[in-house]
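Good morning, colleagues. I would like to take a few minutes to go through one model with you, beginning with a single residue and then turning to the sheet.

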Amino acid sequence: MGKGLLILLSGPSGVGKGTVRKQVFNDMSLNLAYSISMTTRKPRNKEVDGVDYFFVSEEEFIDKLNNGELLEHACFVGNYYGTPKAYVEELREQGKNVFLEIEVEGAKQVLSKYKDDDKVVSIFLLPPSLEELEKRIRGRRSEEEHIIQERLGKAKREIDLKGNYQYSVLNDNIYRASEEIQQIIRNHLK
Ligand code: 5GP
C-alpha cells in the first residue's frame, strides 16, 4: 500500500471546520485519520484531552518544539498550536490519509516542507459572509469580547490567504461542503 495523503483544512475561526471535518469523516471508505494537535489553549466546555487536542503547558509545548517534535506550529490569539510530527508520518506510512485542521501560518510551513509531495491536498473553507462568521464566533459564548474581536480581525486576514490553497470550499451548508471535500479527496485517491 502506498503512502497516505496529507490533507490540510484551513479556514477562519468559527467557519465550522470541526463540524465539516466530522461529517467528512463519516465516509469510512476514505480511510481518514485525524491529526490531534497540541495546544496551550485551555479546553472549552466539551473538549476532551487527547481527543480534541492534547492540552499542554507552555513549558511542555516549547520543549516539544525545541526537540523538533512538531511538524509545524503557530501562535494564534495568544496560544500555541502545533502538529506532532511522528504520529502524522506513522499514519501516512500505514496508508492512512491524514487530516490536519490548522490555521494559515502552520499550513504555510507544511506546504513549503512538502512542496515536492504530490500527496498533499490543501483546502480552504470559506464562510458565507463575514456577518455570518461573527454570528458563529459569538454563538460559542465562551470567549471575552477582546478575544472575539481578535479572532474576527484574524479571520479577515486569513481569508486573504485562500490563494495559497489548491481548493476553496464554501461552507454554505455543512452537508454540501462536506460532500465537496469528500469528492476532492476521492479525486486525489484515484
Ligand atoms: P481553536 O482555538 O478555535 O480550537 O483553534 C484556533 C485555530 O488554530 C484554528 O484555526 C485551528 O484550526 C488552528 N489549529 C488547531 N490546531 C492547530 C495546529 O496544530 N497547528 C496550527 N498551525 N493551527 C492549529
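Let us begin with N171, which lies in the loop between β9 (167-170) and α7 (174-189). Please keep in mind throughout that this is a predicted model.

Is N171 buried or exposed? Its relative accessibility is 3%, and N171 therefore counts as buried, the cut-off for that class being under 20%.

What does the side chain of N171 reach? It comes to 2.7 Å from the backbone oxygen of V15. V15 also appears among the residues that N171 touches, once those up to four places away in sequence are set aside. The others are G16, V20, L125, L126, P128, R136 and A177.

I turn now to the sheet. Its five strands form an open arrangement in the order β2-β7-β1-β8-β9, and the pairing is parallel. At the edges stand β2 (32-34) and β9, each of which pairs on one side only. From one strand to the next, the twist averages 25 degrees.

Within this sheet, consider strand β1, residues 6-10, and strand β7, residues 97-101: the two run parallel and are joined by four bridges. Here L9 stands opposite E101 in β7. Helix α4, residues 104-113, packs on the sheet, where it touches β1, β7 and β8 (120-126). The direction of α4 makes about 155 degrees with that of β1.

To return to the starting point, the loop that holds N171 follows β9, and β9 is one of the two edge strands. Thank you for your attention.

Terms used. Residues are numbered from 1 along each chain as its sequence is written. This is a predicted model: local features need pLDDT of at least 70, side-chain atom pairs count only at pLDDT 80 or more; totals for chains, interfaces and linings use all residues. Side-chain values use heavy atoms; hydrogens and water are left out. Buried means under 20% relative accessible area, exposed over 50%, partly exposed in between (1.4 Å probe, protein chains only). A polar contact is a pair of N or O atoms within 3.5 Å; within protein, one must be able to donate a hydrogen and the other to accept it, and residues adjacent in sequence count only if both atoms are side-chain atoms. Contact means heavy atoms within 4.5 Å. Two strands pair if DSSP finds at least two bridges between them. Axes are lines fitted to C-alpha atoms, for helices over the stretch in contact, and angles run from 0 to 180 degrees between N-to-C directions.
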